[in-house]
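Open the model in your viewer and keep the sequence panel in sight. This tour goes from stop to stop, saying what to select and what is there.

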Amino acid sequence: MKRPSSLILVNDKGYEGETKRSSMTARVLEWALGELKRGQRVVLASVLMTSGSVPGKTGARLAMSEDTSHWVGTVGGAGLEKRVLMRCQELLKQPNHSPIAEVVTYGLNKGAKGYEVTPLDSLCGGRVAVSLELMMPMPHVYIMGGGHCGQAIASAMDVLGWHYSVHDTRPEFASEELYPGAVARSSAELDDLFRAMDGASLEHYSDVLLLGHDWSEDQDRLLGLLHCATNAGLELDGQQGPRIGVIGSRSKWQSFQATCEQQGISRALLDQVRCPIGLNIGAASPEEIAVAVVAQIMADFKGINPDDPNWRTQS
């Protein structure tokens, strides 16, 4: 069935307004999905039920992203919308690593009473039930080095529905054939790659993994990333900037650390880089390393310490 190219009045009851609401809903949801893809947390507010005289109708929606100056849509305007926007901001300011959902019923007069009713200074007199859902973005991992470990990690992320991009200076190891699910693939030379990179582009990623076939390339990647983070004033915490992990041995890391310090990288920033990567589960093969690395990223994403006691081991 083809979508209408313009709004159509079906009858005198005004279905044109219904079409407009559907269009607004689509715009709000598309915008929210776009913000999630950018790595931003989003609160979606939806009018669930109304009674009496109210400014917003069932199905009206607005969304606010983690940058709380940005929001789209409406739940009806006036004092109701102001309170909903304030609650969206409150939810986004909480240091949550998990989704949150709640339903708030607003009474649209200052004397409104009833079980779990939030009164508003309004003369409308009706009631509105609004759902608020804090949605979390999926991790977006930048795989720098498209060899066996990178391919195994990408396969694990495909199963989880996570986003990932891949870079390898060897075009055949950053191909669509090897990485069909990648958001982006690049085989640019490192100088060109980092010339185009800034703090804003780094913020797109939750994690960056250095998995190169050549230690010197990984060292240059690390230097480029850390200089970029320094210039942008980013912490490598998965919030301001991506967490950075380097695959390798003790001697490799010690060499990298010495070189970075010679290049003016602070020890405080170097201490935020993770090497080795992955939970300590004895991983050896690329597939086992993928399990360890993805589990570590998941723990960070959910704000979980894998060493914490579970329900059975708590005293």
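**Stop 1: a serine in a loop.** Select Ser-175. It sits in the loop that links S8 and S9. Is Ser-175 buried or exposed? Its relative accessible area is 18%. Buried means under 20%, so Ser-175 counts as buried. Now show its side chain together with the backbone of Leu-178. A polar atom of the Ser-175 side chain lies 3.2 Å from the backbone nitrogen of Leu-178.

**Stop 2: the whole chain.** Zoom out. Keep in mind that this is a predicted model. The protein has 315 residues, and 42% of them are buried. Color by secondary structure and you should find nine helices and 11 strands. Switch on the surface next. The protein exposes about 17300 Å², with 51% of that supplied by carbon and sulfur atoms. Contacts also reach along the chain: of those with a separation of 6 or more, 59% are between residues 24 or more positions apart.

**Stop 3: the open sheet.** Hide the surface and select S7 through S11. In which order do the five strands lie? The order is S9-S8-S7-S10-S11, in an open sheet with parallel pairing. Its edge strands are S9 (185–186) and S11 (243–246), each of which pairs on one side only. Add H3 to the selection. This helix packs on the sheet and touches S7, S8 and S10. The direction of H3 makes about 165 degrees with that of S7.

**Stop 4: strand S7.** Select residues 140–144, which make up S7. Five of its five residues are buried. Turn the strand to view each face. His-140, Tyr-142 and Met-144 are on one side, and Val-141 and Ile-143 are on the other. Both faces are covered.

**Stop 5: the neighbors of S7.** Add S8, residues 163–167. S7 and S8 pair in the parallel sense over five bridges. Two places to check on S8:

- Tyr-164 stands opposite Val-141.
- His-167 stands opposite Met-144.

Then add S10, residues 207–210. S7 and S10 are also paired in the parallel sense, here over four bridges. Look at Tyr-142: its bridge partner in S10 is Val-208.

**Stop 6: the crossover.** Keep S7 and S8 on screen and bring back H3, residues 148–160. Which hand does the β-α-β unit of S7, H3 and S8 have? The unit is right-handed.

**Stop 7: a glutamine on H6.** Select Gln-219 in helix H6, which spans residues 215–232. Its relative accessibility is 11%, so Gln-219 counts as buried. Show what surrounds it. Leaving out residues up to four places away in sequence, Gln-219 touches Ser-255, Phe-256 and Thr-259. Now draw a distance to Val-246, 27 residues away along the chain. The C-alpha atoms of Gln-219 and Val-246 are separated by 9.4 Å.

**Stop 8: a cis peptide.** Finish at Pro-276. It lies in the loop between helix H8 (267–270) and helix H9 (286–302). Select Cys-275 as well. A cis peptide bond joins Cys-275 and Pro-276, with omega at about 5 degrees. Most peptide bonds are trans.

Conventions. Residues are numbered from 1 along each chain as its sequence is written. This is a predicted model: local features need pLDDT of at least 70, side-chain atom pairs count only at pLDDT 80 or more; totals for chains, interfaces and linings use all residues. Side-chain values use heavy atoms; hydrogens and water are left out. Buried means under 20% relative accessible area, exposed over 50%, partly exposed in between (1.4 Å probe, protein chains only). Contact means heavy atoms within 4.5 Å. Accessible areas come from the Shrake-Rupley method with a 1.4 Å probe; for residues, only the protein chains shown count as cover. Two strands pair if DSSP finds at least two bridges between them. A crossover is right-handed if, with the strands pointing away from the viewer, the path from the first strand over the helix to the second runs clockwise. Axes are lines fitted to C-alpha atoms, for helices over the stretch in contact, and angles run from 0 to 180 degrees between N-to-C directions. A polar contact is a pair of N or O atoms within 3.5 Å; within protein, one must be able to donate a hydrogen and the other to accept it, and residues adjacent in sequence count only if both atoms are side-chain atoms.
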